Each structure stands twice: as C-alpha cells, then as structure tokens.
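User: I'm new to this structure and would like a close look at the part around its main nonpolar core. Could you walk me through that part and then show me how the rest fits around it?

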Amino acid sequence: MKNIISIILSLFILSTPTLLSQSDLDQAAKASITILSQMADSGIIKDFNSKNIANSSLAFGIEERIVNFDKFISSTGNFKNISESENKFHYPVINNKSVISTITMNSKTSKAVSFNDRFLTNELNNLPRKVKENEFKELKLYRIPNLNAYVYVDREGNAYSSYDGRSLKEIRSVNELFKELKEEAIEYNKKYGNLIRDNKLLH
C-alpha cells in the first residue's frame, strides 16, 4: 500500500514555488486537499470519502522538529533550543470537530510530501479539547530519536506525550516532561549508546 501511495504522490504532487512565507505554505496545503480527495475517490484511502473532504477545513500547520539526542542527555535547556526543524508542517484536516486526516508539507519547497498519517491523526484527536478548539495554533511537535518519543508543546508552554503509556490528555509542564524523558534517554544511552555509535543499532 505504501508503494501505491508513493506512486500516486509522484503523479499528483504539487509543483509550487519556493516557500516565501507561512501564508504561501498554508495556501499550498489548502490546494493539496484536492489530492487527498482524489486518493479517497480512487480507494487508496478508505478511512473517509471525498464528501468528507469537501465538508472539511484545514487547521493550523504543526511544525515538526527533531531533538538532538546527544544534546538532550546533557542539556538543562528546553526542547526548542536543542532541536532543529525537519522542514515539515503537518496540517490536520478537520471534519465535524475531529481530525480525519493530515497533509504534510515541506516548508522549503511548499510541496505536499505525505498524506493521511494515521498515527498522527490518532494522536491529535487525543489531545485536550482546548488544544483542538484552538485548531492546534502554534503547536510544535518534537520528535526524540532513539526513544521514538513524540512531544507536543502548545503556545502556553504545556506539553503532551503518549510515550510509554502516558496520556495525551494530561497537561504537563514542559520542563517536567523534559526532565522525565531526559532521564529515560540517559538510561537508553547507557544501554545502547556504544551500539548506536558503532552503527550496530538502528535509531
């Protein structure tokens, strides 16, 4: 199925100008809804149909950033200072107050690079009501490699994660969650750090 989706994306991917502003990226994401609708009509996506798409809207784009693992285990800072942009913005597709799909855009090229991330769709639907009512405005997604942990931080500095059984509905202090995950990252590094450095363990 992934191969089929890749083929469809290569056929329908948008050719848009280099990104000049956030507004340009937002507009390119809106234009990409057409591709999502075509994928639903063709049966590639079976979770919804084009009528659902026609009655949907796009929420604010969520920037994905990757945390530097080595800096993480030695840092006393915060996620923002030890992370780099992945040049990805995930746009939730909203229908009847629920996220039914996503469109992921490359912020450097203004092109759609993936559609219908089911993991992310499920995660976003499980965030607190307030975050969803704000349409995910200014929400950041931090990905911690090796732990394979995802942390969402809102504009008020609250953090959410489903890592290791945590509830996304639980509002956490970003500093508190940072410290907890840092401890787990340190333990992970003690066990597997040498294997990672020797390229004997995928991360």
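Analyst: Let's begin with confidence: pLDDT is the predictor's own confidence in each residue, on a scale from 0 to 100. For this chain the average pLDDT is 87, and 85% of the residues score at least 70. The weak spot is residues 10–19, where pLDDT is below 50. That stretch still has 24 contacts in the model beyond near neighbours in sequence, a contact being heavy atoms within 4.5 Å. Where pLDDT is low, the predicted coordinates should not be read in detail.

A bit of housekeeping. This is a predicted model, in which local features need pLDDT of at least 70 and side-chain atom pairs count only at pLDDT 80 or more, while totals for chains, interfaces and linings use all residues. Residues are numbered from 1 along each chain as its sequence is written, and side-chain values use heavy atoms, with hydrogens and water left out.

Now the overall layout. The chain has eight helices and nine strands; these are DSSP runs numbered from the N terminus, with helices (H or I) of at least four residues and strands (E) of at least two. Of its 203 residues, 44% are buried, where buried means under 20% relative accessible area, exposed means over 50%, and partly exposed is in between, using a 1.4 Å probe and protein chains only.

On to the part you asked about. A nonpolar core here is a set of buried Ala, Val, Leu, Ile, Met, Phe, Trp, Tyr and Cys residues joined through side-chain atoms within 4.5 Å. The largest one has 21 residues, and Leu36, Tyr91, Ile103 and Met105 have the most contacts inside it. Helix H2 (22–31), helix H3, strand S3 (83–95), strand S4 (98–106) and strand S5 (111–115) each supply at least two of its residues. H3 gives the most, with five residues.

So H3 deserves a closer look. It covers residues 33–41, and its buried residues are Ile33, Ile35, Leu36, Ser37, Met39 and Ala40. Leaving aside neighbours within four places in sequence, Leu36 is in contact with Ile45, Phe48, Ile53, Val93, Ser101, Ile103 and Phe115. Just after the helix, Gly43 takes a positive phi of about 90°. Helix H4 (residues 50–54) holds Ser50, whose C-alpha atom is 8.0 Å from that of Leu36, though the two are 14 residues apart along the chain. With neighbours within four places again set aside, Ser50 is in contact with Ser37, Ala40 and Asp41.

Next comes helix H6 (residues 118–125), whose buried residues are Leu120, Thr121, Glu123 and Leu124. Seen down the helix axis, these fall within an arc of 165°, so they line one face of H6; the arc is that of the directions from the axis to the C-beta atoms. Their cover includes strand S2 (62–67), S3, S4, helix H7 (129–133), S6 and S7. At the N-terminal end, Asp117 caps H6, with a side-chain oxygen 3.1 Å from the backbone nitrogen of Phe119.

There are aromatic pairs to look at too. Rings of Phe, Tyr and Trp (its six-membered ring) pair if their centres lie within 6.5 Å; planes under 30 degrees apart count as stacked, over 60 as edge-to-face and the rest as tilted. A search of the whole structure finds seven such pairs. In one of them, the ring centres of Phe72 and Phe79 are 6.0 Å apart with planes at 35°, so the pair is tilted. Phe72 and Phe79 are both buried, and ring pairs link them with Tyr142 and Phe178 into a cluster.

Finally, Arg172 sits in strand S9 and is buried, with a relative accessible area of 10%. Its side chain makes a polar contact of 2.3 Å with that of Glu180. A polar contact is a pair of N or O atoms within 3.5 Å; within protein, one must be able to donate a hydrogen and the other to accept it, and residues adjacent in sequence count only if both atoms are side-chain atoms. Not counting residues up to four places away in sequence, Arg172 touches Gly157, Asn158, Ala159, Arg166, Leu177 and Glu180.
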